[in-house]
Amino acid sequence: MIERTIEFSIRNRSLVIAAGMALAVWGAYAVHHTPMDAIPNLSENQVIVFTDWMGHSPREIEDQITYPLSINLQGLAGVKVVRSSSDFNFSMINVILDDSVDFYFARQQVSERLTRVSGFLPPGVTPYLGPDGVATGQIFWYTVEGKGLDLGRLRAIQDWYVRHQLASVPGVAEVASVGGHAIEYQLDIDPRRLAAHGLTAGAVVEAVARANAAVGGHVVEKSNAEYIVRGVGWLGASADGDDISKRSNRIVRDLEQIILTAQGGEAIPLADVAHVSLGAQFRRGVLEHDGNEVTGGVVLMRHGENPLEVTRRLREKIHELSAGLPPGVRIVPVYDRTPLITSAVATVTGTLVEAIVTATVCVVLVLLHFRASLVIAVTLPLATLSSFVAMWTLRHLGIADVQTNIMSLAGIAVSIGVLVDSSIVMTENALHTLHGHFGDQPVRGDVRSLILPACRTVGRPIFFSVLIMLISFLPVFALGGIEGKMFRPLAFTKSFALVAVAVLAITLVPALCTLFIRGRLRGERDSWLVRGVIDVYRPVLDYLLERPAPLVWFLGVTWVVGLAPLGWRWIFLAGLGAALVAAGSLTRTWLGCCAVIVSLVLVGLIADRHIKPLVWQSSTPLDEGMVMDMPITVPRASITQSADDLKARDMVLCRFPEVDMVVGKAGRAETPTDPAPLDMIETMVNFRPHELWPKRKLRLRDAQRQTAAILATLVEDGVVEPPANAATGAELVHEVVAESLPRFDGIMREVAYQRNADLEGDLPNRLTEFTVQRMVRMLQRQGVLRREPSSGELALCMRAAFAHANHHLAMSPALEDVERLARHASHELMKLEFIATGGDPFEIQDGWFEQSLGFVAALLGRPPATFFTRLHADVVAEHRVLWRKHIGKLNTELIERGCDAFTRVTIEELIARMTACDPQTTEYLAGIRRLRAQPPKKRHSAHVHTHRRTALVPTIAVQPRIKALQERLAGEFRRWALLVPSETVELAGFEGELDRALKMPGWTNVWTMPIQNRVDMLATGVNTAVGVRVLGRDLDDVVRASEEIAAVVKQVAGAADVVADPIRGKGYLEIRVDRERCWLAGVSVGDVNDVIETALGGRLATSTVEGRERHPVRVRYARNWREDEESVKELPVPVSGMREVRSEGQETEDAQRFALRASRSYVRLADVASVRIAEGPATIKSENGLLRNYVRLNVRGRGTLEFVDAARRAVTEQITLPEGVYLEWTGQFEHDARAARTLLVVFPLVLGLIFLILYWTYHDLADAFLMMLAVPGALAGGVFFQWLLGYNFTVTVLVGYIACFGMATATGIIMLVYLREAVAKAGGLEQMTPARLRQAVLDGAVHRLRPKLLTEATTILGLAPMLWATGTGSEVIRPMAAPVLGGILVADEVIDLLLPVLFYWVRRSRLTPHHSSLDS
Amino acid sequence: MTPTTNDNEIPSRPAPTNRGSGSLAWGLRIVVVRLRFLIVLLVALGIISQWNSLTNRWDWLVNSVMGPGPEGAGNTISSDTEYFCPMDPGVVSDWPTKCSICNMALVRRRKGEAVQLPDGIVARMQLSPYRIQLAGIRTSPLGYRPLAREIVTEGVVERRATADQPAVLVVEVEIHEREIPFVSLGQAAELTSEAFAGREPWKGVVDSVKPEVSPVRHTTVAYVVVEAANDELWPGMRVRARLQSAIAEIEPFSSQPSDPPPVSSADPRRVFICPDHPQVLELKAGRCPHDKNVLEQISLADHQRIGWWCPMHPSVTAGETGHECDECGGMKLLARVVNYRPRGEVLAVPETALIDTGERKLVYVESMPGMFDGVEVEVGARCGEFFPVIRGLEAGQRVATNGAFLIDAETRLNPSLAAAYFGAARGSISGSGPADTSGPAPPTDDAAEEIREALAELSPVDRAAALRQKICPVTGLALGSMGPPPRVVVNGKTVFICCEGCAAALKENPTKYLKQ
């Protein structure tokens, strides 16, 4: 069939080529229309059911909402587990579904069930579904900022203008507000005055509600015209028309004038019993931008949309909206997914282009035939495009939703070598055949009949080898859970590309070969490259065919070294034993045997003792190019505390010269997808582009060298006593460097920050100047200007523009800023009569070329370019240029200062740690230290005279000797010092520079990344390596058990960051009603509850109607009544029933008085209830109806699985669990273990399958074995390379191995095909002597050499750039490429040398019976 | 490597070419060649089985040639270790530096291992100046303040006859049970009425308080005589009464010593104390009997005097040295610092410094620059922005007024800092020694149980010695019957005594007590 396809393609080549072109066009279309995201969506398939119940404690929410809802949501089709959490104010239930269940079907099912359940819930509580986005769907954050407007006003703009407009952008699921103060009208009642009038809070609420309404009175007919009657009773709608600006003041006044009817029937205004004001609503979230509190929004994208497209639409919409904002207010985008996506795509596309170029260059160099290389270069992009076509088709058929992301592109990138392989082999064989036919004569005429057999020979093995690679990749599809989600896109694209290549290799490639292989062809020996290799290869193989011991020894060494990092002793020893036996028994002499054994043992010893075994790790998360600082504190944190700390932290972060902007959030955004509590801060740290990072870091090596030099000089100059011995000296240097480098970093950071701040202060003016100049030049070019403006006139324009320059220009010049500047400047030009006032001077007049370009852009959905977009692009470029220049200047300054600073710091640290010869020196340094150790001066209480204290800053006389020494040493240092920019890794992460700078007491730092964090926030599982899930019926039992487990696990070696999730720790003010005392006082429990609710929480009376805005009116008690537990105790509770108090028998005057007092209408809250401060749960989590808590931990310096076993044992031995509590061990290790298990099961199966296929194809057991021989070689090579490059075992690496094994086997197949063909050519095995067999094997192997060289070169040169890829997504590509590269390198040796040798031996052994039969 | 099947053929081939040599040698050679595979196999097996000893020898070789590598030099700093000073356990650092107090190199330990904290301190941490600045922590010294408790209540004006005057205006005000201690006879009261808003309040004096408390409303009635009664007030009128009572006058503050007596020349003005054991107080320089640290010299403040008392019987006190407690049978009284408060003032702690967890109230005291100790305190009712301190704090201590929340949160996040939270209680380290069963058979009754518990707090070595000694040489009581027995070194001998009080007696007359 394959042969027939080839034949058909060669016969109808024009048809095939046309089809290829059509495929390319289709592919381009598919690329453009596939949703493109950075990272595969790793979150679980879940539906969030969210319920608000304001003001209620977690326990209430759990009992009344979460529990009934979650037990009722179980049992839906495809539900895996129902996890829930009850927090203060809200309940969140995550219905986690099987991945196969359709997202929208699941939502529909859940919402159907919800309608049924609602009856079980308290009145007024409605559960609703979270927005139809996924966890990774938070693609855009913006802030609404404005000078001169308060946070309440800004929040109103966000809530009632920006939010709804952005939510209307197609593809947006939800826009949630965060931060700022949502305003409300507050009526603070004085209960005492209320009581004086005999009123209740309920009456006030009712009065307010009635005072705010509009009614309709049908129509009035007047002189045959109809007039609609409208009674306007809205608060703030005054009789004399609407004046928007003062509306809120008017509403306050209107509220004050609401009439209440007192007990006696008199009418009193509300102002008599309450204080009315405009205030902030109860806040659960704070947003902050560069240290200032702002308000803003979070945009969630709809499920399955294209983020790039949605963000573009959002930006457009924001540009449109900006025009309608009040002056000074602007929408600042602070987080945008686009750069991440584009850079991830750029990384992989770059690799692809590199690979295509290298492949083409290799082909040209080796084949010395340019047109043939075209054939090969065409297949690579075509295969890539066809995999996009396949994705597009599957997507449209609704079979599988494979998106473009870093993983799917990486899939194509790692298979590049394979993709060109088939076409190389095909083309090369055709070349070889034609060269054999034409010799050195140019090829002419129709060569189809010649090429056909050549293609037929290799067509089948090529197809098979691709098939085998496909099959070998099957295990990746078998991966489940997160790894499956991560790697399935990769497996999909790779498989699609492989299939495409398999098809292309037998259709398009033969067709193109007939067209392109023309002209004079070169033989194998014509290329010096091939010639050189053949000249080495042939004699070596010739020698090894008879004496394979050196080869076996060499492979044995590779094998032993390769197995050592695996960390499995018995495998290592078995490998060593096998190598010893094989190499030892193949040597010819005893001496050789001994040498081989001794050398192998030596290599084994070195490998065993000095190669640290690789450990199993969780996959590194993808780098998102920015970090998120997500510290947590104790749950008692209040919004004020959190907001203060957030600002303090962000101001520290802002001072890093690498940091462009920080946006922090404490608490939650108002969306069901954000359950963050107040004790959690999420700060996104945006870095500047890497090229703008100042060089401010000293390399450790240099620091040590300089420290050692300083130490030597100090000793030499007799400043300090010499250290006891060299070892103490070295240790001292080490210690001092560890101390002085962070201090040095701090100094340099500050210097760089100050210089950057200088530039930022300067930038607005310089950019404004540039904008005006540029605009004038552009106008001039358009011929709009009447004449060239003089410098004085230009200055006038600039002055007009300067008035509108703002600091945002310095950050990133926005289009609207540039436009405003340009317009103001142009007004000035108009005033000066440069421009005619009629007509639009900014209309662009394009030539036909620009117009056609614009037309194409419009076709692709891009907005047309305007005058301002062009001007803006220029300004942005200028911004970049100015920054770059500045950084260049800064770097020279930094190195100058750095040398001084480091020398000084080191001298101080060194002397402090050693014995100084001169006591004055010690004293001097001690003085300095004391001075620094003092916290910054602050005003103490009044009796300390502050002015005197500040005057008393002690001055420490500089020691001339130290000073001279410092200057000399710094001068020496300056001669060779080199500073480098910091790395992202050094900045972020635990113990990174950011972490060290943010060691804020009371906060535990956590470093993560925005998308990752989103996934984690909504993942209800465990996000650490190991977690113990404690499930139980009673909360206290669960808490106690988890704390005990944490204490035990902490003792197990390897445990790090052990935390039992703190369930308790939230402060509660608990009011427990005492029913007996209630009865005595005649107070109903309902009244008590009402008081608690109204007095403390406040009650919503009504909502105002102010144009488009709606604000609530809340009634509650004045602040004095809800300050602390003491004031709560004093709350008056109305007495509903009267109770006569009669003492037994006697009725004294006092008893009467008591009775009188008892009949008074109020009692104190403390009289009927106990009020106390207590600790309670901050969040209650449950799973399938059982309460749950996690103990989370990480594992360091030990294999996770091994650790879990040990920890599990320790827990079982040491802890007796309370009744009803049980444990489950889970965490990422589970995923890893599952992945490893899956692969361990599937992988041998796949190998077996491949073996079977090979056997069926060739009907030769020995050959099938030989073809698989490359796999162990690839394993050893891969492991060794992996160890060399320092990658631990992860699922990513395993995927690399899988890819590598497939490739190795495929190469083996091709080699064997050549060998078999050579034997067949020489007349088959029957007419063979050993010598002829040997000759045939040599010929076959050498013939294979050229294509082999090509495929090897393209594979290795194609993969090598991935190893040093640095962009986004490189952390996935690199560990995957490492084993592939190492594996291929060693496997190729095995295939090149061992395979022919073994083939020869196998054939010779079959030869022997022939010979013996011939002999006899 | 699978070529073993072909193996025999390779060596077998040279055999036919060499048939000419001596047959014996030839036969041997055949055997050797044929056995070679076996020998190689045996050698390989031998190597594999002896691999462990081989690796040991290799290590020895490598070490002797290259010298031991720097022990973990590269990874000394990690996030789950910290450095502390074994001598001053409060000094904790993330970096391997030297102790800021004793200049000794800090010792690395894993975070999360509990520190033994001094008595009365539930948490302790050392913060660097940078972290203090980062968290915005501010401290201020504690002082005495004339705090007053304000009672606001309502009452009705009546006209009554009193002992002095036939008819005066009296306001009958309702006083809650809780507020009764804050009302005293003759106390000044201010009366206001809403009807006369803005008028200067009328002055009044509490004339009498009804002793009975209403069983229903838990209130009683106080009568306030209005001093300058004029026509503005009329019987039946409702007024608001504001009574202020100085906290210093009220129990338990009133029994705190006040008005320091004049300092006489004989009074010692400086003492030596152990920073970790507050009960250790000497008048001469020396070392702490518990941890052998040098005692710190402290000069007494103006309001502080030295008093003598018996720790067993707190009521037995004396103004000067040399007295004995009669009830103990001649125990010498111990010195202690007595804080006198100024007249009318009490020690006040700012509201912002107090952390209320519901179960306990904590204040963070800065004991050294940057070192914060969580101290459990007992305070009275809030008076404005201050709480009067009943016990736990002393005047002059600096307490964290700003950022106390963060310090408290830090102790909760880092359990090693806090002994009281997370169940890492004091003494649990030494209490879990393995030598529990080495002593005599466990006594059965409660007293013996108590003794056993007390002894369990000693280090294993000391416990063994104490068990050998069994009784206190001074009092003859069983060791451990008064808590963990202190250890005293007299005349070069280590002796355990039942309580601190016996130390002085023993030192004064060692021969008398050590005869046994």
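# Exercises on a predicted model

**Exercise 1. Place B:Leu38 on the surface scale: buried, partly exposed or exposed? Then find the patch that holds this residue.**

Solution.
- Step 1. B:Leu38 has a relative accessible area of 45%. Buried means under 20% and exposed means over 50%. B:Leu38 is therefore partly exposed. This value, like the others here, comes from a predicted model.
- Step 2. Find the element. B:Leu38 sits in helix H4 of chain B.
- Step 3. Look at the surroundings. B:Leu38 belongs to a nonpolar surface patch of about 710 Å². Other members include B:Leu28, B:Val31, B:Leu35 and B:Val43, and also A:Trp590 from chain A.
- Step 4. Ask where the patch draws its largest share. Helix H4 (residues 23-49) of chain B supplies eight residues, the largest share.

**Exercise 2. Work out the strand order of the open four-stranded sheet in chain A, and name its edges.**

Solution.
- Step 1. Read the order across the sheet. The order is E12-E7-E28-E27 in chain A, with mixed pairing.
- Step 2. Pick out the edges. Strands E12 (274-280) and E27 (1099-1106) of chain A each have a single partner strand, so one side of each lacks a neighbour in the sheet.
- Step 3. Add the twist. From one strand to the next, the twist averages 25 degrees.
- Step 4. Zoom in on one pair. Strand E7 (residues 183-189) and strand E28 (residues 1109-1117) of chain A run parallel, joined over five bridges. In this pair, A:Tyr185 has A:Val1113 in E28(A) as its bridge partner.
- Step 5. Add the helices. Helix H38 (residues 1085-1097) of chain A packs on the sheet and touches E27 and E28 of chain A. The direction of H38 makes about 120 degrees with that of E28(A). Helix H7 (residues 201-210) of chain A lies across E7, E27 and E28 of chain A, at about 15 degrees to E27(A).

**Exercise 3. How many residues of strand E15 in chain A are buried, and how does this strand pair with E5(A)?**

Solution.
- Step 1. Count the covered residues. In strand E15 (residues 329-336) of chain A, seven of the eight residues are buried.
- Step 2. Check the pairing. Strand E5 (residues 138-146) of chain A meets E15(A) in the antiparallel sense, over seven bridges.
- Step 3. Name one facing pair. A:Thr143 is opposite A:Val332 in E15(A).
- Step 4. Recall the rule behind such pairs. Strands of a sheet pair through backbone hydrogen bonds, either parallel or antiparallel.

**Exercise 4. Describe chain B, then trace its six-stranded barrel.**

Solution.
- Step 1. Take the inventory. Chain B contains twelve helices and 29 strands. Of its 516 residues, 40% count as buried.
- Step 2. Look at the surface. The accessible surface is about 27,200 Å² for chain B, and 54% of that belongs to carbon and sulfur atoms.
- Step 3. Trace the barrel. The closed barrel runs E7-E8-E11-E10-E9-E12 in chain B, and the pairing is antiparallel. The twist averages 40 degrees from one strand to the next.
- Step 4. Inspect one pair in the barrel. Strands E9 (residues 188-192) and E10 (residues 202-209) of chain B share four bridges in the antiparallel sense. There, B:Glu190 faces B:Lys203 in E10(B).

**Exercise 5. Where do A:Ser223 and A:Asn1184 lie, and what is notable about the phi of each?**

Solution.
- Step 1. Start from the norm. Most residues other than glycine have a negative phi.
- Step 2. Compare with that norm. A:Ser223 is not a glycine, yet its phi is positive, about 40 degrees. A:Asn1184 is not a glycine either, and its phi is positive, about 50 degrees.
- Step 3. Locate both. A:Ser223 is in the loop between strands E8 (213-222) and E9 (225-233) of chain A. A:Asn1184 is in the loop between strands E32 (1180-1183) and E33 (1186-1195) of chain A.
- Step 4. Classify their cover. A:Ser223 has 67% relative accessible area and is exposed. A:Asn1184 has 40% and is partly exposed.

**Exercise 6. Which residues does A:Arg1077 touch beyond its sequence neighbours?**

Solution.
- Step 1. Place the residue. A:Arg1077 is in helix H37 (residues 1075-1081) of chain A. Its relative accessible area is 25%, so A:Arg1077 is partly exposed.
- Step 2. List the contacts. Leaving out residues up to four places away in sequence, A:Arg1077 touches A:Ala1166, A:Asp1167, A:Val1168, A:Ala1169 and A:Ser1170.
- Step 3. Check one distance. A:Arg1077 and A:Asp1167 are 90 residues apart along the chain, and their C-alpha atoms are separated by 7.1 Å.

Key: Residues are numbered from 1 along each chain as its sequence is written. Chains are lettered from A and ligands numbered from 1 in the order in which they are written. This is a predicted model: local features need pLDDT of at least 70, side-chain atom pairs count only at pLDDT 80 or more; totals for chains, interfaces and linings use all residues. Side-chain values use heavy atoms; hydrogens and water are left out. Patches are made of residues with over 30% relative accessible area and no salt bridge: like charges are joined within 9 Å, nonpolar side chains (Val, Leu, Ile, Met, Phe, Trp, Tyr) within 5 Å. Accessible areas come from the Shrake-Rupley method with a 1.4 Å probe; for residues, only the protein chains shown count as cover. A salt bridge is a side-chain nitrogen of Lys or Arg within 4 Å of a carboxyl oxygen of Asp or Glu. Helices (H or I, at least four residues) and strands (E, at least two) are DSSP runs, numbered from the N terminus. Buried means under 20% relative accessible area, exposed over 50%, partly exposed in between (1.4 Å probe, protein chains only). Two strands pair if DSSP finds at least two bridges between them. Axes are lines fitted to C-alpha atoms, for helices over the stretch in contact, and angles run from 0 to 180 degrees between N-to-C directions. Contact means heavy atoms within 4.5 Å.
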